[in-house]
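Reader: Could you take me through one part of this model up close, the way you'd do it at the screen? I'm after the place where the domains meet, and whatever helps me find my way around it.

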Amino acid sequence: MTPIEQVLALVRPEILALAPYSSARKESKGGRVWLDANENPKTPAAALPSIALAKEGRLNLNRYPEPQPADLIATLAALYGIAPAQALVTRGSDEGIDLLLRTFCRAGQDAILITPPTYGMYIVAACIQNARVVSVPLVRNTNFALEADAVLKAVTPDVKIVFLCSPNNPTGNLLDRAAVLRIVRSLAGKAVVAVDEAYVDFSGVPSLAAEIAANPNLIVLRTLSKAFGLAGARVGTTIADPAVIAVLQKVIAPYPVPAPVLQAALAALTPAGLAAARESVATIVAERTRLAAALSKLPVVKLVWQSDANYLLIEVADSARVMAAGRAAGIIWRDRSKDVPNTIRLTVGTAEENNSTLEVLSRV
Ligand SMILES: Cc1ncc(COP(=O)(O)O)c(C=O)c1O
């Protein structure tokens, strides 16, 4: 073996075999209109003064930041209607997912349960931790509805976390609240249920976070990446019983909230920032309705799934051909055919961006 081969032989076999998460930014470079990562089309103006603060030298970058900044925790707690002790700020909700795996699943022994097609990071985090993955698919011909009985039947004693994504990525639908709560209650003392609410702000329904007080095995994941337009700042919140938060605090890296990120998040969550975010969500939801109606009239589009999120899943006859047409026009969507045959996920962008989507699809 060469010296570097000897080094690589020391790497855990499951990491050598790992298929890493394939993010939108890794899959597509270039393009003019980015509608592939379910981002908000605009940076919130309220967050910009934080950049000025950095320029003026009023950010103490020589000092380590507060591990869990009290002012941000208090602001997020007010935003999400929870107690500060129920919140943990993470680098995006992706870090929350990883923390849950590392905290609840013993490597090589425990398992998680997912309901595919769903967000890809649950499997990646499970593989990194060498946790088994039990899958209970959401079925296409029931509009990807959650089947609580099938989930409960599949929970073996090694399953420590059930991940439910609502609204679900990539299908866009909310999961039935009663079905989710039935799973939570049935698994009390057996497993935790992590409900990923990255897109709940676009759904108009309340978060499940209020149910945590009565159900300490419920965990909710929220993020400022979508409705609040701060994907680049990386601010997620894990919401759980204070005792669970205390355990997660043992596992998280010491300083997950960089000082400039703290300033950007606080600025985005002032009353003016919150009003702007509400307006942005209303605009995106109105555009979603307009885009869905217009898409369903195009010959190339066979089906538009109903969406409670800031993206639409469509079925076409030949997704590769449609993706190529988008690329040729500088528009990047996300091909989800690996999850649901011949489907493409379109992020709802600005009116102008959505018109570009419609224009290109009308020509395919
Ligand atoms: C369902 C879902 N959960 C979590 C995330 C991660 O979001 P972030 O880490 O930016 O908070 C995403 C990102 O696209 C997502 O779609």
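Author: Sure. The domain bounds I'll use come from an automatic or database domain assignment. Bear in mind, too, that this is a predicted model.

With those bounds, the chain splits into domain 1, made of 3-44 plus 274-363, and domain 2, which covers 46-272. Taken over C-alpha atoms, their centres sit 21 Å apart. Where they touch, domain 1 puts in 32 residues and domain 2 puts in 31.

Let's look at that contact from the domain 1 side. Three elements there each supply at least two residues: α2 (13-16), α12 (271-295) and β10 (311-316). Helix α12 has the largest share, with 8 residues. As for chemistry, that side of domain 1 counts 18 nonpolar, 7 polar and 7 charged residues.

Stay with β10 for a second. It runs antiparallel to strand β9 (residues 301-304), and 3 bridges join the pair. The two strands make a hairpin with 6 residues between them. If you want a landmark, find L303, which stands opposite E315 in β10.

Now for what's packed inside. In soluble globular proteins, nonpolar side chains tend to be buried together. Here the largest nonpolar core has 101 residues, and those with the most contacts inside it are I112, I161, V162, V193, I219, A265 and A268. Helix α11 (residues 259-268) gives the most to this core, 7 residues. Both domain 1 and domain 2 give residues to the core, so it lies between them.

I219 is a handy place to park your view, as one of the residues with the most contacts inside the core. Skip its neighbours within four places in sequence, and I219 is in contact with L100, V192, V193, A194, T238, I239, A240 and V244.

Next, the ligand. The shell around it has 13 residues, and G92, S93, D94, T223 and S225 come nearest. Helix α6 (residues 92-104) provides the largest share of that shell, 3 residues. By class, the shell divides into 4 nonpolar, 7 polar and 2 charged residues.

While you're in domain 2 (46-272), a few backbone spots deserve a look. The peptide bond from P116 to P117 is cis, with omega near 0 degrees, and P117 belongs to the loop between β3 (111-114) and α7 (121-128). There's another cis bond from S166 to P167, where omega is near -5 degrees. P167 sits in the loop between β5 (159-165) and α9 (177-186).

Then there's N130, in the loop between α7 and β4 (132-135). Its phi is near 55 degrees, a positive value in a residue other than glycine. Is N130 buried or partly exposed? Being buried takes 20 or more other C-beta atoms within 10 Å; N130 has 18 C-beta neighbours inside that distance, so it counts as partly exposed.

To finish, swing back to domain 1, whose second segment is 274-363. N342 lies in the loop between β12 (334-335) and β13 (343-347). Phi of N342 is near 55 degrees as well, again positive in a residue other than glycine. N342 has 17 C-beta neighbours inside 10 Å, so it counts as partly exposed.

Notes. Residues numbered from 1 in each chain as written. Predicted model: local features only at pLDDT ≥ 70, side-chain atom pairs only at ≥ 80, totals over all residues. Contact = placed C-beta atoms within 7 Å. Helix = DSSP H or I, 4+ residues; strand = E, 2+ residues; numbered from the N terminus. Nonpolar A, V, L, I, M, F, W, Y, C, P; charged D, E, K, R; others polar. Near = placed C-beta within 6 Å. Pairing = 2+ DSSP bridges. Core = buried A, V, L, I, M, F, W, Y, C linked by C-beta atoms within 7 Å. Buried ≥ 20, exposed ≤ 12 C-beta atoms within 10 Å, placed from the backbone.
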